[in-house]
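The following exercises concern strand pairing and the connections between strands. Please work through each task with the structure at hand before reading its solution.

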Amino acid sequence: MGAEPHIVIVGSGVAGTEAAYALRTFGHAGPITLLGREPHLPYERPPLSKAYLRGSPAREGLWLRPASAYAEERILLRTGTEVLSIDRAARELRLRTGDTLAYEQLLLATGGEPRALALPGADLPGVLSLKTLDDAERLRPRLVSGAAVVLIGGGYVGMELAATACQAGCKVTVVEGQSRVLARTLPAAIGVHLQDQHRARGVRLVLDAQVAALEGDTRVRAVRLADGERLPADTVLVGIGNHACDELAQRIGLATAAGIVVDAHGRTRDPAIFAAGDCAVAPQAGFAAPIRLESVQSARFQARRAAAAMRAAAQPVSVADELPWFWSDQFDTKLQMAGLPRPGDAQILRGDPASGSFSVVFQNAADGVTAVQCVNAASDFAAAKKLIAQRRCFDPAWLADAGLRLREIRDRTPCAVRAPDSSPTQRIPAMPHPVTIEATDRKGRVHHLENPPGSSLMEVLRARGLPVAATCGGARSCATCHVYVHGGYGSVGAPDEDELDLLTESEHYRAGESRLSCQIQLQPQTGRLQVELAPQD
């Protein structure tokens, strides 16, 4: 067998980084070069609109992996490197530096860019968008008490930023062209609930409104609406959506349709070129035309699927289908969504929005339940993926009855909801001794760690550079922080039913050992813990 091909990955976001490591996991022994346009190590983007703007985590806490991890896997990471063009015939990239870089296989993971505001004054100082770490660094010092912040666009980024700015003490106004925020992606019950949460905290929502111009001199001073109203502004944040970075693909004649068109395995029409993540338009079950999904989970899945396809000639690898899911945090509201609604789906409201905890279930006769969107309803979300996977319709009266858990409906065993345990929680006095952890990584290396009580096991493992992290940020929406607890569950306890639902979706689930590390809180009584990182699905 000849030497394995040199694989070049353009884009060092979640999709590009995931693909590089998946290639190693799937047995690729040849060179891998990962090119990132930004000067930073690959990092997580979801915290940029929320926790990072509030000062936590520190910059280093955003890294997907520590710098040393790339060298350990023989992945050549080149930051600050921009690709200007691709020569398909020569299989070469031309870089901004003037250098060329040869490839044998190429993965485009170029992501997306914020749409620009094409209006007078859009280039004034103080008019910002948020996509990159540098964007967040520019924005963070502007979010101070009393500052007037106007957000143009009531989508997910805009509403998350509105919540963050409000919590920082800013005077926040959101301008949205639709009759309610998130109207394109959320049912009215959830959209109205989110609006109410923002308004109750002082955020002004200006709906059915169009921006005419941004006004200012040495910096932006106001946003002028089409009806003549002027909104004073110290900072204007533009959040009117993203477009796929598909220019490189367009220039070389690859098929594009608001993104790089690929098959279900990330293949383009050029057998040497693949694409994954926010830049890709891919087939999706239940939809006639390919669609582009913007989510961390979808980027990881597409990257693994593309990596498997790149390895197919040498070593066939199967990557199981994964249901799309998403989340958003706004104030104390956790929005979790599983699946993709279809046009014309029936919408069943489950629970009372006034309670602050409810869900909307989508279903149709052809596809069964297609999506579940949950507001502070972690139990519904935990059961949603398996409910959707059954592709069956359920009695709408059952689905609307919040007294029936979705798990009970899914298993066709409706029964009374168990009363919560009312016994008082015993308070255990803190002990000065740290928790001792023996952690085995995926290469069989053993790491001896000590950490004071109070952190989650995931936080401790990440802080020591081990590649374990919940894609969902610890919200029990995924199983990417899966570990095995050896010697039984012992002092950490067994998973509850919701956690167990997520764990059993993994092909690497082990009864009596599997836990989500984000759900293991190190307690004074934990003592010594022996864990192993589960293989990645």
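**Exercise 1: Parallel strands and their crossovers**

In this predicted model, strand S1 (residues 7-10) and S2 run parallel and are joined by four bridges. Trace the path of the chain from S1 to S2 and state the handedness of the crossover.

Solution. Leaving S1, the chain passes through helix H1 (residues 14-25) and then enters S2. This β-α-β crossover is right-handed. For the register of the pair, take Ile 9, whose bridge partner in S2 is Leu 34.

**Exercise 2: The other pairing of S2**

Determine which way the side chains of strand S2 (residues 32-35) point, and whether they are buried or exposed. Then examine how S2 pairs with strand S3 (residues 75-78).

Solution. Ile 32 and Leu 34 point one way, Thr 33 and Leu 35 the other way, and all are buried. S2 and S3 run parallel, with four bridges between them; Leu 35 has Arg 78 as its bridge partner in S3. Together with helix H2 (residues 67-72), the two strands make a right-handed β-α-β unit.

**Exercise 3: An antiparallel sheet**

Which strands stand at the edges of the open sheet of five strands?

Solution. The strand order is S21-S22-S25-S24-S23, with antiparallel pairing. Strand S21 (325-330) and strand S23 (346-350) each have a single partner strand, so they stand at the edges and one side of each lacks a neighbour in the sheet. Direction ignored, neighbouring strands are turned by 15 degrees against each other on average. S23 is joined to strand S24 (residues 358-364) by five bridges, and Ile 348 has Val 361 as its bridge partner in S24. Helix H4 (residues 156-167) packs on this sheet, touching S21 and strand S22 (333-339); the direction of H4 makes about 30 degrees with that of S21.

Definitions and conventions
Residues are numbered from 1 along each chain as its sequence is written. This is a predicted model: local features need pLDDT of at least 70, side-chain atom pairs count only at pLDDT 80 or more; totals for chains, interfaces and linings use all residues. Side-chain values use heavy atoms; hydrogens and water are left out. Buried means under 20% relative accessible area, exposed over 50%, partly exposed in between (1.4 Å probe, protein chains only). Two strands pair if DSSP finds at least two bridges between them. A crossover is right-handed if, with the strands pointing away from the viewer, the path from the first strand over the helix to the second runs clockwise. Axes are lines fitted to C-alpha atoms, for helices over the stretch in contact, and angles run from 0 to 180 degrees between N-to-C directions. Contact means heavy atoms within 4.5 Å.
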